[in-house]
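Colleague: I would like to go through this model feature by feature. Please give the general idea each time, then the case at hand.

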Amino acid sequence: METVAAAYNTVFYERADPRVKTWWLMTSPWPLAAIIVAYLTTIKVFLPAYMTDRKAFELRLLIKWYNVIQIIANAVVTWGILTSGWTTTYHFGCMLPDYSMNPEALRMLSFLWWTIILKLFELFETVFFLLRKKEKQASFLHIYHHVSTLIIIWSAVKYVGGGITSFSPMINNAVHVIMYSYYLLSSEGSPAVKSFLIKYKKWLTIMQMVCRLSNL
């Protein structure tokens with residue numbers, strides 16, 4: 001038991017980035033684990049039971065504003081990561097994180113932490129699918145993608161908050177700006193806009209699949 005406790009302390013405290021040790025969700029793995037368990041329990045147990053004898057919810061207005069918030073939030077975080085290194089000193093290579101208290105390094109770390117919040121917010125999508133009785137959209141790949149990317153970005157912030165590891169979250173957030181813009185315009189846009197967008201639906205689907213399969 002002492003060996004397990006020592007290993008736990010080494011992995012989650014001694015080797016972690018000391019700059020985030022007091023940040024929300026970063027003190028230990030248990031808050032994140034509890035959120036994931038609650039998410040899986042909700043979508044696999046509670047919501048299916050709740051919706052058994054109920055009609056599908058519309059949720060159009062809610063989803064509209066969800067898309068708007070996601071577009072703005074992902075754009076802000078993408079810009080924050082981009083301008084916290086990639087437009088100044090970063091390069092494509094074996095670039096290690098800057099663990100100093102340098103303002104730019106801390107800015108990068110904070111925007112990567114905000115990416116965790118974005119990933120938590122995205123868990124509501126599965127809830128929307130089930131409330132609208134679109135169970136096929138809540139596929140294994142969909143759920144796996146949401147859970148795994150959340151764990152990966154949490155791990156990145158916990159241990160390697162910067163450097164080359166910031167590239168994937170930046171691209172992921174940029175793709176989400178495009179994705180949620182498409183969703184918003186395809187549901188709220190004029191017939192001409194919808195007709196234009198349908199031409200690019202295939203490419204959006206390919207982009208989503210690549211991101212999900214590569215865990216971007």
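Colleague: Which residues of the largest nonpolar core touch the most other members?

Modeller: First, a caution: this is a predicted model. A nonpolar core is a set of buried nonpolar residues joined through side-chain atoms within 4.5 Å. Here the largest such core has 47 residues, and those touching the most other members are Met26, Ile81, Trp86, Ile116, Leu150 and Val157.

Colleague: Which elements give two or more residues to this core?

Modeller: Helix 2, helix 3, helix 4, helix 5, helix 6 and helix 7 each do so. Helix 4 supplies the largest share, 8 residues.

Colleague: What does isoleucine 81 touch, leaving out residues up to four places away in sequence?

Modeller: Its partners are Trp86, Met108, Phe111, Leu112, Thr115, Ser166, Pro169, Met170 and Asn173.

Colleague: Let us step back to the whole chain. How many helices and strands are there?

Modeller: The count is 9 helices and 0 strands. Along the sequence the pattern therefore reads α-α-α-α-α-α-α-α-α, with helices taken as DSSP runs. The C-alpha atoms fill a box of roughly 55 × 45 × 25 Å along the principal axes.

Colleague: What percentage of the residues is buried?

Modeller: Of the 216 residues in the chain, 42% are buried, where buried means under 20% relative accessible area. The accessible surface comes to about 12300 Å², and carbon and sulfur atoms account for 71% of that surface.

Colleague: And what share of the contacts joins residues 24 or more positions apart?

Modeller: Such pairs make up 80% of the contacts with a separation of 6 or more.

Colleague: How many positive and negative side chains are there?

Modeller: There are 20 positive and 11 negative side chains, and the centres of the two sets are 11 Å apart.

Colleague: Now a single element. Why is helix 5 described as largely enclosed by the rest of the structure?

Modeller: The way to read enclosure is to count buried residues along the element. Helix 5 covers residues 124–131, and 7 of its 8 residues are buried, so the rest of the structure largely encloses this helix. The buried ones are Glu125, Thr126, Val127, Phe128, Phe129, Leu130 and Leu131.

Colleague: Which helices do the buried residues of helix 5 pack against?

Modeller: They pack against helix 2 (30–50), helix 3 (60–86), helix 4 (103–122), helix 6 (140–159) and helix 7 (167–188).

Colleague: What is the backbone doing just after helix 5?

Modeller: There, lysine 133 takes a positive phi of about 60 degrees. Lysine 133 sits in the loop between helix 5 and helix 6 and, at 33% relative accessibility, counts as partly exposed. Leucine 59 also has a positive phi of about 60 degrees without being a glycine, and leucine 59 lies in the loop between helix 2 and helix 3.

Colleague: Next, the aromatic rings. How many aromatic pairs does the structure hold?

Modeller: There are 15. To class a pair, take the angle between the ring planes: under 30 degrees is stacked, over 60 is edge-to-face, and the rest are tilted. Tyrosine 66 and phenylalanine 121 have ring centres 5.0 Å apart and planes at 45 degrees, so this pair is tilted. The pair links distant parts of the chain, with tyrosine 66 in helix 3 and phenylalanine 121 in helix 4, 55 residues apart.

Colleague: Are tyrosine 66 and phenylalanine 121 buried or partly exposed?

Modeller: Tyrosine 66 is buried because its relative accessibility is 5%, whereas phenylalanine 121 is partly exposed at 25%.

Colleague: What kind of pair do tryptophan 86 and tyrosine 90 form?

Modeller: They form an edge-to-face pair, 5.1 Å centre to centre with 75 degrees between the planes. Tryptophan 86 is buried at 13% relative accessibility, and tyrosine 90 is buried at 18%.

Colleague: Which residues form one aromatic cluster with Tyr66?

Modeller: The cluster consists of Tyr66, Phe121, Phe124, Phe128, Tyr180, Tyr182 and Tyr183.

Colleague: One last residue: where does isoleucine 178 lie?

Modeller: Isoleucine 178 is in helix 7, partly exposed with a relative accessible area of 46%. Sequence and space can be read side by side here: isoleucine 178 and valine 76 are 102 residues apart in sequence and 13 Å apart in space, C-alpha to C-alpha.

Notes
Residues numbered from 1 in each chain as written. Predicted model: local features only at pLDDT ≥ 70, side-chain atom pairs only at ≥ 80, totals over all residues. Heavy atoms only, no water. Buried < 20%, exposed > 50% of the residue type's maximum accessible area, 1.4 Å probe, protein only. Helix = DSSP H or I, 4+ residues; strand = E, 2+ residues; numbered from the N terminus. Contact = heavy atoms within 4.5 Å. Areas by Shrake-Rupley, 256 points an atom, 1.4 Å probe, with all protein chains shown as cover. Lys, Arg positive; Asp, Glu negative; His and termini not counted. Charge placed at Lys NZ, Arg CZ, Asp CG, Glu CD. Phe/Tyr/Trp six-rings, centres within 6.5 Å; stacked < 30°, edge-to-face > 60°.
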